[in-house]
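Thank you all for coming. I would like to walk you through one structure this morning, going from the overall layout down to a single strand, and then out to a contact between chains.

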Amino acid sequence: MNKAATVTPPSKPTPSKLSRLWYKWRFHINILLLLIPLGFMPKYFSDMALFRGDSGLGQRDIGEVQVGPWSIHLAEFRSNAPMLDGASGYMKTFNAALCTECADRVKATYLRIGKPRSLRAAGVIFFGSPYRMGAFMQIPERTDPDADLWITMEGWDGSMHQASIPLSQASPATVAWLKTQGVKP
Amino acid sequence: MTRRLSLRQLGTTALLLLGAGLSTVALAHNPMCECKEIDNGQIRCTGGFSDGSGAPGVTLDVIGYDETILVPGKLGEDSTLTFKKPASEFYVLFDAGPGHVVEIDQADIQAP
């Protein structure tokens with residue numbers, strides 16, 4: 001008595017349409033993935049040129065400002081409206097270079113919207129080398145668009161010199177942004 | 001296979017989240033200060049930095065409009081300082097070092 005055992009092989013699950021598409025095109029899809037970063041290259045190289053200083057002090061040159069016997073070359077790092085930076089609020093970066101003859105005479109340079117009450121409250125300090133310094137300043141949303149940007153320079157000899165330029169000259173994008181903010185208490 | 005794949009996916013996601021979380025540590029931290037009027041003509045100021053850290057021991061002076069220091073102070077362990085509201089016009093200066101200051105005018109101090 002032979003018992004003929006019929007063993008059916010386990011049936012393979014039929015691959016889904018998506019799976020078949022993946023196996024057919026995976027090579028090409030991966031090549032496309034490698035190409036995606038190329039689209040960001042122009043922005044990357046322009047940003048790198050900005051960070052290194054190859055494209056100047058910043059995206060928008062403000063020009064030379066005379067501060068007492070010294071002068072400072074100012075630029076907007078990015079020529080757009082202030083950017084929200086977490087708890088700090090809206091921030092704007094200005095870059096600057098001291099005049100070559102005063103680079104070793106200036107101890108500190110400060111930036112403030114509105115005339116400083118004292119040297120202690122002269123605003124944010126510029127940091128970096130005298131040939132390329134940066135100041136990261138908070139722009140309160142209720143700042144008067146007609147306000148002035150005050151530059152305070154403190155010398156190693158103890159002298160202090162101040163100058164101001166209209167905010168509209170320093171950053172037209174910031175003034176345009178402030179005008180859209182409306183009156184706030 | 002599916003379990004291994006999902007574990008790998010989980011690991012990648014966790015790594016990405018960790019990277020994104022740690023990247024905020026590299027951001028600049030700016031001084032911050034807030035003053036509020038509390039009861040009995042007292043004003044309480046709280047200082048700190050935008051990265052969430054406190055500022056115990058940092059100088060906070062109450063200065064008159066004529067630049068005389070009315071209340072020289074330092075923030076306590078809880079990063080706050082409470083003082084009696086001066087009779088004359090004043091502003092508060094949170095001073096964490098040159099160029100790292102916050103000024104609060106008396107007009108910007110909220111009433112209770």
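Let me begin with the distance between the two domains of chain A: the centres of domain 1 and domain 2, taken over C-alpha atoms, are separated by 38 Å. Please keep in mind throughout that what we are looking at is a predicted model. The division behind that distance places residues 16–55 of chain A in domain 1 and residues 60–181 in domain 2.

As for secondary structure, chain A contains 3 helices and 10 strands, and if you follow the sequence from its start, the order of these elements is α-β-β-β-β-β-β-β-β-β-β-α-α. The radius of gyration of chain A comes to 29 Å, whereas the globule rule gives 16 Å for 185 residues, so chain A is more spread out than a compact globule. Along the principal axes, the box filled by the C-alpha atoms of chain A is roughly 115 × 45 × 30 Å. Of the 185 residues in this chain, 23% count as buried. Turning to contacts within chain A, if we take those with a separation of 6 or more, 55% of them are between residues 24 or more positions apart.

Now I would like to move to one strand in particular. Strand 5 of chain A covers residues 106–113, and this strand is mostly covered, with 6 of its 8 residues buried. Which strands does strand 5 pair with? One of its partners is strand 9, residues 148–155 of chain A, which runs antiparallel to strand 5 and is joined to it by 7 bridges; within this pairing, Arg112(A) has Trp150(A) as its bridge partner. Strand 6 of chain A, residues 124–125, also runs antiparallel to strand 5, and here 2 bridges make the connection, with Ile125(A) standing opposite Tyr110(A). As a general reminder for reading such a strand, side chains in a regular strand alternate between the two faces of the sheet.

Finally, let me turn to the contact between the chains, to which chain A contributes 12 residues and chain B contributes 11 residues. On the side of chain B that touches chain A, strand 6 (90–95) and strand 7 (101–105) of chain B each supply at least two residues. By residue class, that same side of chain B consists of 5 nonpolar, 3 polar and 3 charged residues.

That is where I will stop, and I am glad to go back to any part of this.

Note on methods: Residues numbered from 1 in each chain as written. Chains lettered and ligands numbered in written order. Predicted model: local features only at pLDDT ≥ 70, side-chain atom pairs only at ≥ 80, totals over all residues. Buried ≥ 20, exposed ≤ 12 C-beta atoms within 10 Å, placed from the backbone. Helix = DSSP H or I, 4+ residues; strand = E, 2+ residues; numbered from the N terminus. Pairing = 2+ DSSP bridges. Domains from an automatic or database assignment. Contact = placed C-beta atoms within 7 Å. Nonpolar A, V, L, I, M, F, W, Y, C, P; charged D, E, K, R; others polar. Rg over C-alpha atoms; globule rule 2.2 N^0.38 Å.
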